[in-house]
Amino acid sequence: MGEYQVTEAMLEKFYRLNQKKKEIESAMKEMKKQFHNYFDETVGENVKGQVTVGDYILQRQVRAIEKFNEAKTVEKLEELKLEDLMVKKPDIDKMKAAINLGILKENDLEDCRVINISPAISVKTK
């Protein structure tokens, strides 16, 4: 065991740091809200901006992420006879139903399965 020990002091420190982290994140969220309100009023909503105050420069970047409504896009592409522009993908619900009905065996897809594991640590008080 040696170097891999967990002590009450370690847990207490982790717990306190986590509480401080939550306080800091909350305070930063509120300040970001104020900064966005400032830029909304001075340069307009969803417009990038910059202001220098003393030794500090505050900037707002604006990113636009374009997505398509999947159902409407599929319908439109089918209507335009452009099915070649669509990507086929497996329907998980139908696959599970096929497994339940015995049409598909679970091990038929074993080499297709990807499992992502994300361990998480949590410390709480009693």
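**Notebook: loops, a buried arginine and two pockets**

I looked up Lys81 first and found this residue exposed, with a relative accessible area of 67%. The model I am reading is a predicted one.

**Entry on Lys81.** I placed Lys81 in the loop between helix 2 (70-79) and helix 3 (92-101). I then read its backbone angle: phi is positive, at about 60°, although Lys81 is not a glycine. I note for context that most residues other than glycine have a negative phi.

**Entry on Asn46.** I turned next to Asn46, where phi is near 55°, again a positive value in a residue other than glycine. I located Asn46 in the loop that runs between helix 1 (8-42) and strand 1 (49-53). Is Asn46 buried or exposed? I count Asn46 as exposed because its relative accessible area is 64%, and the cut-off for that class is over 50%.

**Entry on Arg60.** I moved to strand 2 (residues 56-60), which contains Arg60. I record Arg60 as buried because its relative accessible area is 6%, while the class takes values under 20%. Which side chains make polar contacts with the side chain of Arg60? I found His36, at 3.4 Å, and Asp40, at 2.8 Å. I also listed the residues in contact with Arg60, leaving aside its neighbours within four places in sequence. His36 and Asp40 appear there, together with Phe39, Val43, Gly44, Glu45, Val47, Lys48 and Gly49. Asn46, the loop residue of my previous entry, is also in contact with Arg60.

**Entry on the largest pocket.** I read a volume of about 280 Å³ for the largest pocket. Its lining includes Phe68, Glu70, Thr73, Val74 and Leu77. I completed the lining with Glu83, Leu85, Met86, Val87, Lys88 and Lys89. How do the residues of this lining divide by class? I noted six nonpolar, one polar and four charged residues.

**Entry on the second largest pocket.** I found about 200 Å³ of space in the second largest pocket. Pro90, Ile92, Met95, Lys96, Ile99, Leu109, Cys112 and Arg113 form its lining. I sorted these by class and obtained six nonpolar and two charged residues, with no polar ones.

**Closing entry.** I keep two points for rereading. Asn46 has a positive phi and is in contact with Arg60. Arg60 itself is buried and has polar contacts with the side chains of His36 and Asp40.

Terms used
Residues numbered from 1 in each chain as written. Predicted model: local features only at pLDDT ≥ 70, side-chain atom pairs only at ≥ 80, totals over all residues. Heavy atoms only, no water. 1 Å grid on protein atoms, 1.4 Å probe; cavity = no way out; pocket = protein on both sides within 12 Å on 5 of 7 lines; lining within 4 Å. Points joined across faces, edges and corners; volume = space filled by probe spheres on them. Nonpolar A, V, L, I, M, F, W, Y, C, P; charged D, E, K, R; others polar. Helix = DSSP H or I, 4+ residues; strand = E, 2+ residues; numbered from the N terminus. Buried < 20%, exposed > 50% of the residue type's maximum accessible area, 1.4 Å probe, protein only. Polar contact = N/O pair within 3.5 Å; in protein donor to acceptor, adjacent residues only side chain to side chain. Contact = heavy atoms within 4.5 Å.
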